[in-house]
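Me: I'd like a close look at a single part of this one, please. Take your time and walk me through it.

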Amino acid sequence: MTKTTTTSDSSGMVPPVLPSGSNNKSKQFSDSRFRYIGEENSKLMNEDKMNLTSLFQLRRPSSNVDSKHEYDSKMMTTTTSDSGMVVSPSVLPSGSNKSKQSQVGGDSRFPYTVEENSKLMDEDKMNLTSLFQLPSSSDSIKQVSETANTDDQDDEEDNLTLIERKEKLEEDNLTLAERKEKLEAASALGRISKTKIAAKKVTSSSLKCASKKIIKSRSKSTNLHLNSGAGKKWTTFAHNGIVLPPPYKPHGVKMLYNGEQVELTPEQEEVATMFAVMKDTEFAAKPKFIENFMNDWRVILGKEHVIKKFHLCDFTPIYDWHQNEKDKKKQLSALERKALKEEKLKEDERYMWAFVDGKKEKVGNFRVEPPGLFRGRGEHPKMGKLKRRIRPDEITINIGKGEPVPECPIPNERWKEVKHDNTVTWLAFWKNPIDPKAFKYVFLDDTSSWKGQSDKDKYEKARLLKDYILDIRANYRKDFRNKDLMKQQISVAAYLIDMLALRAGNEKDDDEADTVGCCTLKVENVSLVPQTNKLEINFLGKDSIKYENTVEVDPLVYKAIGEFKKGKNTGEELFDKLDTYKLNAHLKELMPGLTAKVFRTYNASITLDKLLNSEIMNRNVAEKVVVYNRANKEVAKLCNHQRSEPKSHGAQMLKLRDNIVKLKGVLDGLETNLHRVRKGKAPLQLDADDGKPKKNFTPEILQRKIKLTLDKIEKTERDMDLKKELKTTALGTSKTNYLDPRISVAWCKRHEVPIEKIFNKSLLAKFAWAMDVDPSFRF
């Protein structure tokens with residue numbers, strides 16, 4: 001089922017929804033900004049008014065009543081707009097008297113008398129005439145047909161009315177300073193007080209109820225197609241396209257089936273090789289991985305092929321061939337490897353850069369992913385499925401009008417489409433071969449000015465939350481006892497997201513990994529610890545990372561969650577009246593642009609800022625870096641940024657222990673020599689020495705060497721302790737995505753720590769915009 005969304009043009013003109021039979025939309029020129037000549041327009045207007053008159057025919061003569069007209073209810077044919085609102089073909093313009101009803105009792109089906117009905121019809125037709133005025137030549141109307149199950153918009157724009165979208169466009173064009181000034185002014189007027197808590201009004205409760213089914217279906221998809229954005233992003237935009245993987249080169253090595261060699265076509269051999277090279281990985285032993293691989297491979301093999309059962313397949317010959325090829329590359333000389341690297345860089349150079357309004361910007365990942373077997377994270381239900389080769393006719397290119405279109409790298413093939421959309425920032429996109437509802441995009445690099453400004457805006461929005469947070473917390477706390485179950489669930493969910501930095505969570509299709517967030521928690525994920533106010537929370541989060549936490553909560557939250565669990569099975573949703581769209585819509589009422597993710601960014605950054613605000617002046621640089629890493633660890637723990645223990649962890653720890661043993665041996669030798677030199681004896685030859693006699697060893701030199709060795713031992717032991725602490729903690733995720741980089745840069749400046757000790761090379765480039773921050777900066 002498809003639904004047609006009509007969007008306004010730059011002038012803000014929104015065409016009305018016409019009744020069945022209207023001709024005003026049917027006649028269009030090839031130019032989307034269609035117009036009619038005077039006679040045609042006049043004729044069509046008359047026809048449309050005649051059609052519309054039928055909507056307001058005599059209501060049947062009767063006495064007046066105070067209830068709603070039953071006949072009108074039957075006439076209401078609901079359709080959906082792209083914002084999820086429910087509208088009717090008979091919705092009248094401002095000033096319509098359709099809502100007028102008499103308060104006199106009578107037959108509920110006939111609310112108007114003959115005279116009243118006639119009068120209302122005349123007034124309604126006069127109002128409706130204004131809907132069909134001749135459009136100006138500057139007006140354009142775009143009609144977009146979208147498939148219902150892929151009509152996904154950003155969660156921050158769901159539930160907005162057309163007027164609110166126009167206001168949002170105006171807000172998007174404001175500078176950060178203007179936005180802050182506007183928000184501060186709003187706060188001063190008390191717009192988020194208890195009586196005036198709403199900064200923006202979302203759709204009414206009646207519309208929410210009517211559009212519940214539509215919103216529910218949207219929340220299942222988390223993969224968004226980035227349609228035209230709000231406002232012009234660039235004037236000129238040039239690039240050289242993207243790199244497609246090279247065609248497959250058959251190796252001719254035959255695998256075994258039931259002990260015998262089998263013939264494979266190049267396409268069949270390619271997929272067999274994909275599995276063979278993974279023979280020693282954990283995936284190759286997972287039943288789901290094998291099942292999905294065989295299902296997709298059988299399609300390529302065909303029904304008549306001898307290969308039927310996986311357990312009879314032996315991929316060892318192909319695996320051995322692959323290992324030999326890897327060994328050949330390792331045996332290349334340093335000069336040969338350098339030459340190959342330089343050749344590759346030379347080939348990539350033309351794709352690495354784009355020119356935006358004349359400025360040279362680095363492109364992100366410009367390579368289309370080569371075909372392979374999907375791995376996924378955790379126990380993903382699609383692991384092992386074939387990621388087929390992407391062809392040029394599946395790829396849409398976006399480039400400036402008048403710029404040379406990038407040449408298709410495969411002869412006799414062409415791009416699917418070439419766009420010139422200056423309201424978006426992507427260079428190319430195509431559908432994800434594993435999930436047809438998802439899309440893969442090529443953007444500029446994280447170091448680009450576009451990304452830098454986007455990051456800065458994100459952290460500025462999180463900083464603004466400081467001005468609202470007390471009122472927001474007061475707002476959700478007062479609803480812990482609300483008799484309206486949906487409002488009560490919203491308040492409890494907001495509390496958990498704020499206090500525990502949980503992700504909001506989205507509903508998923510059945511074939512997606514079984515992961516949840518706050519709004520999609522199931523009864524089995526939250527347990528009440530008896531005789532306490534503690535909750536045991538246990539669920540599989542994003543990327544199949546397990547979240548386990550026992551936390552003390554507000555007594556009212558403890559009681560409310562107990563009520564939410566009553567009468568439900570373990571697999572049912574805890575917050576059954578809530579989804580992320582309702583939650584985010586409510587949060588936007590408390591602060592413009594507020595979503596659950598802003599809470600997460602705010603709590604991560606404010607936590608780091610507080611932990612780093614301690615006096616550490618008497619420590620050396622290495623000790624200060626440990627202080628920073630431990631603060632970063634607390635943030636990672638808050639955000640549940642975990643990783644599996646690295647395979648090299650054991651070897652690294654063993655190496656550090658060996659280094660400590662060696663250093664202690666050197667220390668013993670130095671102390672012995674110091675004792676000998678003080679007695680006037682010659683120093684002994686040490687294992688670490690170069691074999692030459694040490695004639696110039698004075699007590700001062702030996703003492704200096706002893707101090708340096710002690711420092712090395714202390715640093716190595718410190719590194720060991722930190723590696724133990726962080727072996728399952730991912731520091732990089734929060735540092736890259738949730739921590740305002742200005743906190744770290746200002747801290748480094750205040751405590752004279754080189755920023756290179758905190759940020760690696762890629763983060764230094766990504767956060768170049770934050771490097772000139774004042775040392776006194778606080779989040």
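Which residue in E18 does Leu528 stand opposite?

Reply: Bear in mind that we're looking at a predicted model. The partner of Leu528 is Leu535 in E18. The pairing there is antiparallel: E17, which covers residues 526-528, joins E18 over three bridges. The two strands make a hairpin with five residues between them. One residue in that turn, Gln531, has a positive phi of about 60 degrees.

Now for E18 itself, residues 534-540. Leu535 belongs to its covered face, together with Ile537 and Phe539. The uncovered face has Lys534, Glu536, Asn538 and Leu540, so to speak a mixed bunch with a leucine in it.

E18 has another partner too, namely E19 (residues 546-552). Those two also run antiparallel, with seven bridges joining them. Asn538, from the uncovered face, stands opposite Glu548 in E19.

For context beyond the strands, here's the nonpolar packing. The largest nonpolar core has 75 residues, and Phe575 is one of those with the most contacts inside it, as are Leu465, Ile472, Val492, Leu496 and Ile561. Leaving aside neighbours within four places in sequence, Phe575 touches Val492 and Leu496, and its other contacts include Gln489, Ala493, Cys518, Cys519, Leu521 and Phe564. There's also a second, separate core of 26 residues, with Tyr257, Val262, Phe315 and Met383 among them.

Notes:
Residues numbered from 1 in each chain as written. Predicted model: local features only at pLDDT ≥ 70, side-chain atom pairs only at ≥ 80, totals over all residues. Heavy atoms only, no water. Buried < 20%, exposed > 50% of the residue type's maximum accessible area, 1.4 Å probe, protein only. Helix = DSSP H or I, 4+ residues; strand = E, 2+ residues; numbered from the N terminus. Pairing = 2+ DSSP bridges. Core = buried A, V, L, I, M, F, W, Y, C linked by side-chain atoms within 4.5 Å. Contact = heavy atoms within 4.5 Å.
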